[in-house]
Amino acid sequence: MNRYVCIHAHFYQPPRENPWLEEVELQDSAYPYHDWNERIATESYAPNAASRVMDGNGRIVNIVNNYAKISFNFGPTLLSWMEIHEPAVYGAILEADKESRENFSGHGSAIAQAYSHMILPLANTRDKRTQVLWGLRDFVHRFGREPEGMWLPETAVDLESLDIMAQEGIRYAILEPHQAHRVRKKGSRESQDVTGGRIDPKVPYKLRLPSGRTIAVFFYDGPVSRAVAFERLLNNGEVFANRILGAFPESRGGRNQLVHIATDGESYGHHHTRGEMALSYAIHHIESKGLARITNYGEFLEKHPPVHEVEIYEHTSWSCAHGIERWRSDCGCNSGGRPGWNQEWRQPLREALDWLRETLASRFEEKGSPLLRDPWGARDDYIAVILDRSPESRERFFRKHATRELSGKEETVALKLLELQRHAMLMYTSCGWFFDELSGIETAQVIQYAGRAIQLARELDGDGIEERFLSLLEFAKSNLPEHRDGRHIYEKFVKPAMVDLHTVGAHYAVSSLFESYDDQAEIFCYQVDREEYRLLPAGKKRLALGRARITSEITRESADVSFGVLHFGDHNVSGGIREYRGEEAFEALAEEISEIFRGADFPEIIRAVDRHFGAGVYSLKLLFRDEQRKILDMILAASMTDIDAVYRQLYMQNAPLMRFLSDIGYPASKSFHAAAELALNGELKRAFEAETLDIDAIRGTLYEAEGVKVALDGAGLGYTLRKTIERMMLTFRENLADIVLLAHIDAAVELGNSLPFEVAFWKTQNLYWEMLQEVYPEFRVRAAGQGDEDAGEWVRLFSVLGEKLSVRLPEE
């Protein structure tokens, strides 16, 4: 067969981690999920690892791992998050690459990506090299092999970046058709201008680089790729397959041809619901009917090396019609929908960051040279520490790069310098310029990375940098009057987010009033070793006194602190923290405050805290977002129970009237409606969270809600019920003989199918499919062949559940 198909998916999310905590904090805009990474993982990354193939009746006949059949890359920072927070999906991605090597003649489908999605043509040579090296090292660490290809962020290209990639063993890159300039067949002196996307995308090309090296380039099919991303091609898998096949010429000549597309991987599931199913069906359709051979770039390149050479347009990309201006000027490219807005802020933002990069580079060389043999070479190799922050890894790193054996404090200085450089690259993450507004979360994130780099520089005697940086940032003007400019945004969003060891200690002290900690505890990327802790109760009021050592897992810097914190029994918390000044000073402080507390003189306690801790006084506002939300939920729980009861009573008193008004079409008052909405949604949420679902009671509440036309929180309620059914299914997997539980699951799924909002059964279906393959055959044998009545009932209930989960069971 001379017809080949390759589908490439670029999976990427901008790093969202708080630069001081190295963790993604709660994002309310992702409700009902914790954050956008979790939401998109649920909608796209996980479904592509277990995609459904359906029959004509909409029943699942197979569950497949799409990653094993396509070409793909994942952003390294996204995989780092996924390894911790979505380990099953992460494992499925790695396993798919191994499987793809079996499918595609030893060539894995995963390719690398420049590390932090920096626009490489706008980077200096040092940053280009580090970005490529870190991307390669991250890939090898995860996939256990060398990559053949590398994804250029936004396909933004220049010859220097490609040369660095080729030097490091990368064999090919993927570009957009409009990035091609001229092509020439090998052996010919005549070249053909293919400007305007007129290049033939069905063959690979050889690109000669300034160093004399070469690299292969694949130019993807633009029209089909755009149809996937923007024209709803993924609404139907067969239509998708036919559109791909339609890109082949009608003549089936002897030339080997590759139709290949490239899009954001999130198209398959996140941007287009069930897009992953269209992808798996299209692949199945093409393969099962022998319409083309599914391949990946590495396999095709080995079998069909380039016979044409190409020249490209440098400083171009796939997402800016003006080259790469979207990441440095007001070129007109934006996400739309905001008439009157401009993106003039892009240029001064980049200029401010460029100034900061160069200023930090000179400090890095100056401070790093006495400690590191080659500071820039050490930075290139620092990815080894980022991937493994164990003491053994740090020891290997310093043994290789330190000028001599360093003291603990000198190692901390070296680590701060290297972290400064890491954040100085993260601040160039492309999403910071992609969207429309300077105060947007993506742009605020890159400014936070700059803030972290500035803080590290200040701790290394880099005073004066911040003010000069802000004077440059001030030229970047927001479209929103309330945000004014870059300086104001830095003061509003970056300064309050800054964390130091004392801040972590204060967080620990406050949160210790609401949850128990072991003597050694982890708070994000910090370790807390508790030396002493005393908790004194007085009714609802509590006083915590203690001392602890706070250590950064990133820089190994540590601080010994003492603290005192008073909880008044509600949301009011007052406390303080200071450097530990020895046992005698701590005992004097603890005895004085304890004595006042025992006398219940609470105003005097607050004054004593002020005397002893001065500027180090804090409250609940200081807590990190997730812990703050958790503690406030605990504090509010009793009040919310009372409030719910009041609203429920108001609703019950007026429910007959509301139903009557609804029946005759009379608009109920907003007060009545608000009471009903809060009462009924709260009641359903509690019912969905229960250990055992009371189906009859739930249906009664739903009937009430329908009768008074209450808007249900479909997203939140669907999420809650989904989690409960998944929990039941996991319990059943460990207790397969529990027929009663199986019946409860069946009833819960039936309930979910009947609701006026969607309940996603994705994980439940996966668990069912797993048991269908591994357990169901054994129960069928016991039921049919051995006359086991319990097994027969199990098979009956399991089969009924399969029907409700839209799974087709094997024929008898």
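Helices and strands here are DSSP runs, with at least four residues (H or I) for a helix and at least two (E) for a strand. The model is predicted.

**Exercise 1. Overall form**

Task: Decide what the radius of gyration says about the protein, and state how many helices and strands there are.

Solution.
- Step 1. The assignment gives 29 helices and 20 strands.
- Step 2. For 812 residues, a compact globule would have a radius of gyration near 28 Å.
- Step 3. The protein has 30 Å, which agrees with the globule value.
- Step 4. Along the principal axes, the C-alpha atoms fill a box of roughly 95 × 80 × 60 Å.

**Exercise 2. Burial, contacts and charge**

Task: Describe how the residues of the protein are buried, how far along the chain its contacts reach, and how its charged side chains are placed.

Solution.
- Step 1. Buried means under 20% relative accessible area; 55% of the 812 residues meet this.
- Step 2. Take the contacts with a separation of 6 or more: 69% of them are between residues 24 or more positions apart.
- Step 3. The accessible surface comes to about 34,700 Å², and carbon and sulfur atoms hold 49% of this area.
- Step 4. There are 95 positive and 124 negative side chains. The centres of these two sets lie 5 Å apart.

**Exercise 3. Two aromatic pairs**

Task: Classify the pairs Tyr172–Tyr297 and Tyr776–Phe798 by ring geometry, and place each in the chain.

Solution.
- Step 1. Two rings pair if their centres lie within 6.5 Å; planes under 30 degrees apart count as stacked, over 60 as edge-to-face and the rest as tilted. The structure holds 34 such pairs.
- Step 2. For Tyr172 and Tyr297 the centres are 5.7 Å apart and the planes make 50°, a tilted pair.
- Step 3. Tyr172 belongs to strand β7 (residues 172-175) and Tyr297 to helix α9 (residues 297-303), so this pair ties together parts 125 residues apart in sequence.
- Step 4. Tyr172 is buried because its relative accessibility is 1%, and Tyr297 is buried at 0%.
- Step 5. For Tyr776 and Phe798 the centres are also 5.7 Å apart, but the planes are at 25°, so the pair is stacked.
- Step 6. Tyr776 sits in helix α28 (residues 776-784) and Phe798 in helix α29 (residues 789-804), 22 residues apart. Both Tyr776 and Phe798 are buried.
- Step 7. Tyr776 and Phe798 also belong to one aromatic cluster, together with Phe732, Tyr768, Phe779 and Trp794.

**Exercise 4. Backbone exceptions**

Task: Locate the cis peptide bond between Tyr31 and Pro32, and compare the surroundings of Glu154 and Ser806, which have positive phi.

Solution.
- Step 1. As a reference, most residues other than glycine have a negative phi, and most peptide bonds are trans.
- Step 2. The bond joining Tyr31 and Pro32 is cis, with omega about 10°. Pro32 lies in the loop between β1 (3-11) and α1 (36-49).
- Step 3. Glu154, not a glycine, has a positive phi of about 60°. Glu154 is found in the loop between β6 (150-151) and α5 (159-167).
- Step 4. Glu154 counts as buried because its relative accessibility is 10%.
- Step 5. Ser806 likewise has a positive phi of about 60° without being a glycine; its place is the segment after α29.
- Step 6. Ser806 has 30% relative accessibility and therefore counts as partly exposed.

Terms used
Residues are numbered from 1 along each chain as its sequence is written. This is a predicted model: local features need pLDDT of at least 70, side-chain atom pairs count only at pLDDT 80 or more; totals for chains, interfaces and linings use all residues. Side-chain values use heavy atoms; hydrogens and water are left out. The radius of gyration is taken over C-alpha atoms; the globule rule is 2.2 Å times the number of residues to the power 0.38. Buried means under 20% relative accessible area, exposed over 50%, partly exposed in between (1.4 Å probe, protein chains only). Contact means heavy atoms within 4.5 Å. Accessible areas come from the Shrake-Rupley method with a 1.4 Å probe; for residues, only the protein chains shown count as cover. Lys and Arg count as positive and Asp and Glu as negative; His and the chain ends are not counted. The place of a charge is taken as NZ of Lys, CZ of Arg, CG of Asp or CD of Glu. Rings of Phe, Tyr and Trp (its six-membered ring) pair if their centres lie within 6.5 Å; planes under 30 degrees apart count as stacked, over 60 as edge-to-face and the rest as tilted.
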